[in-house]
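Subject: Handover of a structure and notes on its interior

Dear colleague,

Please find below the structure that I am handing over to you. I would be grateful if you would read the notes after it with the coordinates open.

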Amino acid sequence: MAFYAADAHCDFLFGAMEYGWTIGTQKRNQTITRDNLKRGNVALQVLAAWADTTLRVPPLEQVLIMIDRYRALIETDPAFVPFTRDFDPASGKIATLLAIEGAEALGGSPSILRDLYRLGVRAMMFTWNANNELAGAAQGKRRRGLTETGREILREMNRIGMAFDVSHLSDEGIDDALKLCDAPIFASHSNCRALCDAPRCLSDAHIKAIAERGGVIGINFYGPQLCESGYAEIKDIVRHITHVAELAGVNAVCIGSDFDGMQRYPKDLKNPSDLPALFDALLNAGFTRAEVERIAYRNLSEYLRQFV
């Protein structure tokens with residue numbers, strides 16, 4: 001029997017806004033489609049609203065457009081449903097959860113945060129690749145953690161019950177979040193710095209700290225964060241999953257593909273339909289079937305259930 005899959009991060013919504021992508025057809029550079037998700041047995045997909053700050057459209061307007069595209073998907077395609085605590089992956093449906101990547105849309109306002117929560121957003125990361133008014137980014141020009149405004153927003157996320165995502169955050173920001181956040185935090189799409197020395201990858205200390213607090217780490221498929229050459233294969237993803245499992249336990253690792261967020265994919269994992277090959281590779285690497293079930297689906301679904 002095929003493994004159910006849960007994916008902590010993809011960028012389909014930006015393509016839906018900017019390039020007119022639809023879930024039922026596949027356009028150039030698009031990987032997230034209904035057919036690809038079905039062929040990969042994906043039962044839970046997190047859809048991120050990432051705002052491009054170089055566009056003339058303000059970030060908040062971009063996020064609202066992407067949320068509108070998300071609502072249209074849920075309302076018009078019966079294959080997709082919102083993720084709920086009692087969702088059954090055997091239902092044949094694809095559960096979805098709405099997230100934000102880069103919080104420029106907030107303008108530092110807790111009121112806008114609460115409005116976005118009311119619109120269905122259940123997870124958020126503060127930064128993308130540049131520092132902003134909430135925090136320093138892993139690839140930011142100056143090293144810094146959370147600002148006072150960022151701390152205020154994080155406290156409000158705790159209060160209303162929104163998951164805090166440390167992917168793209170600076171090391172200093174992750175340190176601050178570990179100290180300040182009441183609920184378990186997670187990394188939707190971050191890899192292991194011990195295996196690939198890139199700023200966006202997590203240190204062993206942070207991997208262990210996130211796991212000890214009940215969080216999960218989603219391994220992404222972006223080549224420059226998987227191996228030094230940047231030309232990745234499934235075996236490189238398996239290495240990172242294995243590292244997290246050995247360091248922090250099997251319950252701490254999941255997948256966070258970053259599909260539709262990059263131009264080049266691992267040569268043997270180009271879209272969600274190839275996920276079964278990854279799970280077979282985990283079995284071949286010595287993981288038990290029960291452990292692969294956790295990595296593929298259960299760890300992420302159990303973590304996110306507390307926020308819906």
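The notes that follow cover the pocket, the cavity, the nonpolar cores, the aromatic pairs and two local regions. Please keep in mind throughout that this is a predicted model.

Pocket and cavity

The largest pocket encloses about 600 Å³ of space. Its lining consists of 25 residues, and those nearest its centre are Asp-11, Trp-128, Asp-260, Gly-261 and Met-262. By character, the lining of this pocket comprises 10 nonpolar, nine polar and six charged residues.

A search of the whole structure returned one cavity of 30 Å³ or more. The largest cavity holds about 40 Å³ of space. Among the residues that line this cavity are Ala-138, His-168, Asp-171, Arg-193, Arg-200 and Cys-201. Its lining divides into seven nonpolar, two polar and three charged residues.

Nonpolar cores

The largest nonpolar core contains 87 residues. Within this core, the residues with the most contacts are Met-124, Phe-126, Phe-164, Ile-241, Leu-278 and Phe-279. Another core, of 20 residues, lies apart from it and includes Ala-6, Val-46, Phe-87 and Ala-99.

Which residues does Phe-126 contact, leaving aside its neighbours within four places in sequence? Its partners include Gly-102, Ala-103, Asn-132, Leu-134, Leu-146, Ile-153, Met-157, Phe-164 and Asp-165.

Aromatic pairs

The structure holds 13 aromatic pairs. One of them joins Phe-83 and Phe-87 in an edge-to-face arrangement, with 6.2 Å from centre to centre and 65° between the planes. Phe-83 counts as buried because its relative accessibility is 5%, which is under the 20% limit. Phe-87, at 10% relative accessibility, counts as buried for the corresponding reason.

Phe-126 and Phe-164 also form an edge-to-face pair, with their ring centres 4.8 Å apart and 80° between the planes. This pair links distant parts of the chain, its two residues being 38 residues apart. Phe-126 belongs to the loop between strand 5 (121-125) and helix 5 (148-160), whereas Phe-164 belongs to strand 6 (residues 163-165). Both Phe-126 and Phe-164 are buried.

In addition, one aromatic cluster is formed by Phe-12, Phe-14, Tyr-19, Trp-21, Trp-50 and Trp-128. Trp-128 is also one of the residues nearest the centre of the largest pocket.

The loop around Gln-26

Gln-26 is located in the loop between helix 1 (12-18) and helix 2 (34-39). Its relative accessibility is 46%, so Gln-26 counts as partly exposed; that class lies between the 20% limit for buried and the 50% limit for exposed residues. Not counting residues up to four places away in sequence, Gln-26 touches Thr-31, Thr-33 and Asn-36. The C-alpha atoms of Gln-26 and Asp-260 are separated by 11 Å, although these residues are 234 residues apart along the chain. Asp-260 is itself among the residues nearest the centre of the largest pocket.

Helix 7

Which residues of helix 7 (residues 204-212) are buried? They are His-206, Ile-207, Ala-209, Ile-210 and Ala-211. The elements that cover these buried residues include helix 6 (171-180), strand 7 (217-219) and helix 8 (234-248). Just after helix 7, Gly-214 adopts a positive phi of about 90°.

Yours sincerely

Methods: Residues are numbered from 1 along each chain as its sequence is written. This is a predicted model: local features need pLDDT of at least 70, side-chain atom pairs count only at pLDDT 80 or more; totals for chains, interfaces and linings use all residues. Side-chain values use heavy atoms; hydrogens and water are left out. On a 1 Å grid over the protein atoms alone, a cavity is a set of points where a 1.4 Å probe fits but cannot get out, and a pocket is an open set with protein on both sides within 12 Å along at least five of seven lines; lining residues have an atom within 4 Å of a point. Grid points are joined across faces, edges and corners, and a volume is the space filled by probe spheres set on the points. Ala, Val, Leu, Ile, Met, Phe, Trp, Tyr, Cys and Pro count as nonpolar, Asp, Glu, Lys and Arg as charged, and the others, Gly among them, as polar. A nonpolar core is a set of buried Ala, Val, Leu, Ile, Met, Phe, Trp, Tyr and Cys residues joined through side-chain atoms within 4.5 Å. Buried means under 20% relative accessible area, exposed over 50%, partly exposed in between (1.4 Å probe, protein chains only). Contact means heavy atoms within 4.5 Å. Rings of Phe, Tyr and Trp (its six-membered ring) pair if their centres lie within 6.5 Å; planes under 30 degrees apart count as stacked, over 60 as edge-to-face and the rest as tilted. Helices (H or I, at least four residues) and strands (E, at least two) are DSSP runs, numbered from the N terminus.
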